[in-house]
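Q: Please take a close look at one part of this model, a single loop and the strands around it. Start with the terms I need, then connect that part to the rest.

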Amino acid sequence: MTVAAGSQRIDKWLFYARVVKSRSLAAKLAVSGRVRINGNNNRVIGCNIWGPLYSPVYIGGYLNSPAPTGNIVGGTLPGEGNILFGQDFGVDIAGPAEGNIVIGNVLKGRSWGAAIRSPSCCPGNDAVNNRI
């Protein structure tokens with residue numbers, strides 16, 4: 001697995017940040033789908049996440065909060081693509097979210113491989129300018 005310069009695998013980060021006591025526990029947590037990355041300019045690369053999860057990768061903010069932007073799931077270089085199988089979606093981008101990119105992945109879900117959704121209840125919390 002290759003990791004781009006300035007990047008770190010989520011399991012290593014969980015271990016080094018002392019969220020868990022061992023690298024094996026960090027790896028189990030990373031593939032469990034219970035890790036949600038909020039914020040901007042994050043990368044998810046070279047992962048194999050599957051199971052009875054709603055969506056292995058979820059990008060979305062909270063209503064009336066700043067939209068997550070500049071997140072990248074996958075990539076175009078060898079080893080950067082992800083294999084993401086979820087119960088409903090492989091990747092779910094839910095508003096508010098803006099300018100996120102999903103590229104070079106294998107995506108599968110019971111409903112769709114990927115979804116970009118905006119909440120109908122709350123104008124101004126749209127998922128816009130995202131690319132899959």
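A: Contact here means heavy atoms within 4.5 Å. This is a predicted model: local features need pLDDT of at least 70, side-chain atom pairs count only at pLDDT 80 or more, and totals for chains, interfaces and linings use all residues. Residues are numbered from 1 along each chain as its sequence is written, and side-chain values use heavy atoms, leaving out hydrogens and water.

Start at D88. This residue sits in the loop between strand 5 and strand 6. Strands are DSSP runs of E, at least two residues long, and helices are runs of H or I, at least four; both are numbered from the N terminus. D88 counts as buried because its relative accessibility is 16%. Buried means under 20% relative accessible area, exposed over 50%, and partly exposed in between (1.4 Å probe, protein chains only). Setting aside neighbours within four places in sequence, D88 contacts L53, Y54, G109, R110, S111 and W112.

Follow the contact to G109. G109 belongs to strand 9, residues 106-109. With a relative accessible area of 18%, G109 is buried too. Beyond four places in sequence, G109 touches G86, Q87, D88, F89 and G90. G109 and G86 are 23 residues apart along the chain, yet 4.9 Å separates their C-alpha atoms.

Now step back to strand 5, residues 83-86, which holds I83. I83 counts as partly exposed because its relative accessibility is 35%. I83 joins W50, F85 and V106 in a nonpolar surface patch, with about 400 Å² of accessible area together. Accessible areas use the Shrake-Rupley method with a 1.4 Å probe, and for residues only the protein chains shown count as cover. Patch residues have over 30% relative accessible area and no salt bridge; nonpolar side chains (Val, Leu, Ile, Met, Phe, Trp, Tyr) are joined within 5 Å, like charges within 9 Å. A salt bridge puts a side-chain nitrogen of Lys or Arg within 4 Å of a carboxyl oxygen of Asp or Glu.

On the other side of the loop comes strand 6. V91 and I93 point one way from strand 6, D92 and A94 the other, and all are buried. In a regular strand the side chains alternate between the two faces of the sheet. Strands pair if DSSP finds at least two bridges between them. Strand 6 pairs with strand 3 in the parallel sense over 4 bridges. There V57 stands opposite V91. Strand 10, residues 114-117, also runs parallel to strand 6, joined by 4 bridges. Here D92 has A115 as its bridge partner.

V91 and I93 lead into the largest nonpolar core, which has 12 residues, including V57, I59, L53 and L84. Strand 3 (57-60) and strand 6 (91-94) are the elements that give two or more residues to this core. A nonpolar core is a set of buried Ala, Val, Leu, Ile, Met, Phe, Trp, Tyr and Cys residues joined through side-chain atoms within 4.5 Å. Take I59. Beyond four places in sequence, its contacts include D92, I93 and A94.

V44 and V73 belong to the core as well. V44 stands opposite V73 in strand 4. Strand 1 and strand 4 (residues 72-74) pair in the parallel sense over 2 bridges.

Last, the whole chain. It has 2 helices and 11 strands. Of its 132 residues, 35% count as buried. Among contacts between residues at least 6 apart in sequence, 63% join residues at least 24 apart.
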